[in-house]
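Work through the exercises below with the sequence and the model open. Each task is followed by a solution in steps.

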Amino acid sequence: MADITQTASSSLLDRLDDAALASAAPSQIELIRELRIKQKPGWTSRLSPSVAAFVTNKKGMIGVIILLAMILFSILAPMFSEYNPHRRAGKPHVAPGYEHVLGTTRMGKDVYTQVAYGGRISLAVGFGAGIAAAVIGLAIGISAGYFGGRVDDILTFFVNVVLVLPGLPLIIVIASLVDSAGPLVIGIVLALTGWGWPARTIRTQTLSLRTREFVLSAELMGEKKWRIIFKEIFPNMLSFFMGGLVLGTISAILAEAALSFIGLGDPNAVTWGTMLYWAQNNMALQTGAWWEIWPPAVAIMLTGAALVMINFAVDEITNPQLKASRGIGGIKRFLRSRGRSADVF
Amino acid sequence: MLYILRRVAFYLAAFFVAVTLNFFIPRIMPGDPSARIIASFQGRLNEAQIEAIRASYGTTGSMWEQYLSYVGQVMRMDFGISTVQFPEPTSSLLFYGATWTLVLVGIAITFAFLIGTMMGIHAAWNRGGFFDSVFTPINVMLNAFTPAVVALLLFYAFSLQLQWFPLGRAHSTGLSPNWSFEFIGNVLYHATLPVLSILIVSFGGWHLGMRNVMINLLNEDFVILARAKGLSDRRVRYRYVARNAILPQITSLALSVGFLLGGALVTEQVFNYPGLGKFTVTAIESRDYSFIQAQLLLLTMSVLVANFLSDIANVVLDPRLRKG
């Protein structure tokens, strides 16, 4: 067992992670702190640097706005609808119009109401599974990185196994054994299969943090281990945790849609995925009822796009080199004026 | 060599974990397959019949005996008899489907990797330029569009409306499989739309991956030295930076195989393509558990083989590994 786990931790991916760490430039936030750059006066100066870095990131904010709009829509919109998403509300395949804003399905259910209600469940499954996977990844990643030794070997072995096991087929096996896999079951299974990547990135980060001065000094001061983990290491993991959460949420929303679409989900539940499933089963496209397909499709695409934008922002904050060079002109000019190299960007 | 041996040891261990999971998942679930089938007969079975059903699903004897006999079956590639296409053995259905899935995923993954990587190189080299600021976000967003939607739209536009492409199947009904140009052309014609829909949702990942790794390399000393030597832009871009940035891409290529096979599942369903995904969906509908379990093992095995191939590719491409 020990030998096998050894191989796992010396895999190529780890070496790449290590290489990335060695060349990691100080982040924008660290630089701002170190050089004591005064931030532009304005409302962002009152925020903590990491929040300010996110708020001033254009892509990230566009993503947040779209995502908030989707969440608000699915929370509030059903209240303005007089129809029940599970009940027949009109004639089959009524085109969008005054009575039915987005038309009706083959079963005569109101599409607008279904998209809004479905959003509640799809988003809940996505975020629930994404958050759970990120939390599991965080716990395992920090433990493996901080405790090292045998604990690291064993945990890394399991992380690597979770990474190579194909997720969707595994979910199919589990979901097919449960009578009808409702959104809750799908969410739980997605959380249990999705923690590989966050665990891996967080472990690598913890490894590098463990030898930094502030952790060493906390250890020398005799702080308890759990306190060091929560007070010293965890705050520095926040952006990686967020990155893992966002990616996990995207893949959970897509996987939920895929599973429901192939008919593994509970067909009576209303989610964006089951809407697509019924649309495909009822030949919505063949009969020209585009309004049965487009609304859930656009909802999934918008949510995915918004989360991708947020992930871009998180990436740029954790690794400022990725940012296109324009936005950091101020810092560059400052560094030049002090005669310091601006090549870190 | 030691490196490769270590990797093989890891893959064997990972496969062992997959087999074990496959064994235990149905047994810890409420109501195993045999219990379900027995229940569906509502007490019309006698003792001997119940015993026979249990035996065919391997749920007789102690847990340990069951496990050993299951591992034995897996080693012999004996996954029982399909209940959908009775009396075909599950394994022959499995390999028939896998061949067509391999055609789809193989073509899609090759093109997605090439297109995405080339775009990523271009975006990283002109970081912050027009191409980078417009296409990087767009390509990655395509990545977040579900395969179901993309496949449905392509199917609607090109198969139903324009009728440029067929409505399903892997090849025309009149043809029998052979290596003639006519047959291969026919297969490619039928595979175009399914491949395209997998391609559209997957090349963005390669774009972003290549771009990010390359940007991190651009400020390395060896790149600055290469430029200082006055090497041509092209040479620095491809022979120095891209050459090094491709290594992590190959590793994630192998890890993405599982994800792509999952995506093919949905695509095959939309285009009625006789691949593994289509068979799996049929198996789910008719509760053919032996097939569902076998597909997981086959897919796990292909992901492991892909990882092994990428390890070998990395050893070939990265001399540092050969010494270590």
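**Exercise 1. Chain A as a whole**

Task: For contacts in chain A between residues at least 6 apart in sequence, find what share joins residues at least 24 apart. Then describe the secondary structure and the burial of chain A.

Solution.
- Step 1. The model is a predicted one. In chain A, 69% of the contacts between residues at least 6 apart in sequence join residues at least 24 apart.
- Step 2. Chain A contains 15 helices and zero strands.
- Step 3. Chain A has 345 residues, and 48% of them count as buried.

**Exercise 2. One residue of chain A**

Task: Is Met309(A) buried or exposed? State the element that holds Met309(A) and list its contacts beyond four places in sequence.

Solution.
- Step 1. Met309(A) lies in helix H14 of chain A.
- Step 2. Within 10 Å of Met309(A) there are 26 other C-beta atoms. The cut-off for a buried residue is 20 or more, so Met309(A) is buried.
- Step 3. Once neighbours within four places in sequence are set aside, Met309(A) touches Lys59(A), Gly60(A), Ile62(A) and Gly63(A).
- Step 4. One of these partners, Ile62(A), is 247 residues away along the chain, yet its C-alpha atom is 7.2 Å from that of Met309(A).

**Exercise 3. Where chain A meets chain B**

Task: Count the residues that each chain gives to the contact, then describe the side that belongs to chain A.

Solution.
- Step 1. Chain A contributes 53 residues and chain B contributes 55 residues.
- Step 2. On the side of chain A, the elements giving two or more residues are helices H1 (2-9), H2 (12-22), H7 (149-164), H8 (167-177), H12 (225-261), H13 (272-281) and H14 (290-318) of chain A.
- Step 3. By class, this side of chain A has 38 nonpolar, 11 polar and four charged residues.

**Exercise 4. Chain B as a whole**

Task: Give the helix count, the extent and the burial of chain B.

Solution.
- Step 1. Chain B has 13 helices and zero strands.
- Step 2. The C-alpha trace of chain B spans about 85 × 55 × 40 Å along its principal axes.
- Step 3. Of the 324 residues in chain B, 40% are buried.
- Step 4. Among contacts in chain B with a separation of 6 or more, 73% are between residues 24 or more positions apart.

**Exercise 5. The two domains of chain B**

Task: What are the bounds of the domains assigned in chain B, and how many residues does each give to the contact between them?

Solution.
- Step 1. The domain assignment gives domain 1 (2-75) and domain 2 (97-321) of chain B.
- Step 2. Taken over C-alpha atoms, the centres of domain 1 and domain 2 of chain B are 33 Å apart.
- Step 3. Domain 1 of chain B gives 12 residues to the contact, and domain 2 of chain B gives 12 residues.
- Step 4. On the side of domain 1 of chain B, helix H1 (residues 2-28) of chain B gives the most, with 10 residues.
- Step 5. That side of domain 1 of chain B has 10 nonpolar, one polar and one charged residues.

**Exercise 6. Three helix pairs in chain B**

Task: Describe how H5(B) packs against H12(B), how H5(B) packs against H10(B), and how H10(B) packs against H12(B).

Solution.
- Step 1. Helix H5 (residues 90-125) and helix H12 (residues 289-317) of chain B have axes that come within 10 Å and cross at roughly 50°. H5(B) and H12(B) are therefore oblique to each other, and their crossing is right-handed.
- Step 2. The residues in this contact include Leu94(B) and Ala98(B) of H5(B), and Phe291(B) and Leu298(B) of H12(B). The contact of H5(B) with H12(B) has six nonpolar, four polar and no charged residues.
- Step 3. The axes of H5(B) and helix H10 (residues 233-271) of chain B come within 9 Å and cross at roughly 145°. The crossing of H5(B) and H10(B) is right-handed.
- Step 4. Residues of H5(B), among them Phe113(B) and Trp125(B), meet residues of H10(B), including Arg237(B) and Leu260(B). The contact of H5(B) with H10(B) has 12 nonpolar, three polar and one charged residues.
- Step 5. H10(B) and H12(B) pack at about 170°, with their axes 9 Å apart. That angle makes H10(B) roughly antiparallel to H12(B).
- Step 6. The contact of H10(B) with H12(B) includes Leu253(B) and Val257(B) of H10(B), and Val303(B) and Asn307(B) of H12(B). By class, the contact of H10(B) with H12(B) has 12 nonpolar, six polar and no charged residues.

How values were computed
Residues are numbered from 1 along each chain as its sequence is written. Chains are lettered from A and ligands numbered from 1 in the order in which they are written. This is a predicted model: local features need pLDDT of at least 70, side-chain atom pairs count only at pLDDT 80 or more; totals for chains, interfaces and linings use all residues. Two residues are in contact if their C-beta atoms, placed from the backbone, lie within 7 Å. Helices (H or I, at least four residues) and strands (E, at least two) are DSSP runs, numbered from the N terminus. Ala, Val, Leu, Ile, Met, Phe, Trp, Tyr, Cys and Pro count as nonpolar, Asp, Glu, Lys and Arg as charged, and the others, Gly among them, as polar. A residue is buried if 20 or more other C-beta atoms lie within 10 Å of its own, exposed if 12 or fewer, and partly exposed in between; C-beta atoms are placed from the backbone. Axes are lines fitted to C-alpha atoms, for helices over the stretch in contact, and angles run from 0 to 180 degrees between N-to-C directions. Angles under 35 degrees count as roughly parallel, over 145 as roughly antiparallel, 65 to 115 as roughly perpendicular and the rest as oblique. A crossing is left-handed if the near helix is turned anticlockwise from the far one by less than a right angle, and right-handed if clockwise. Domain bounds come from an automatic or database domain assignment.
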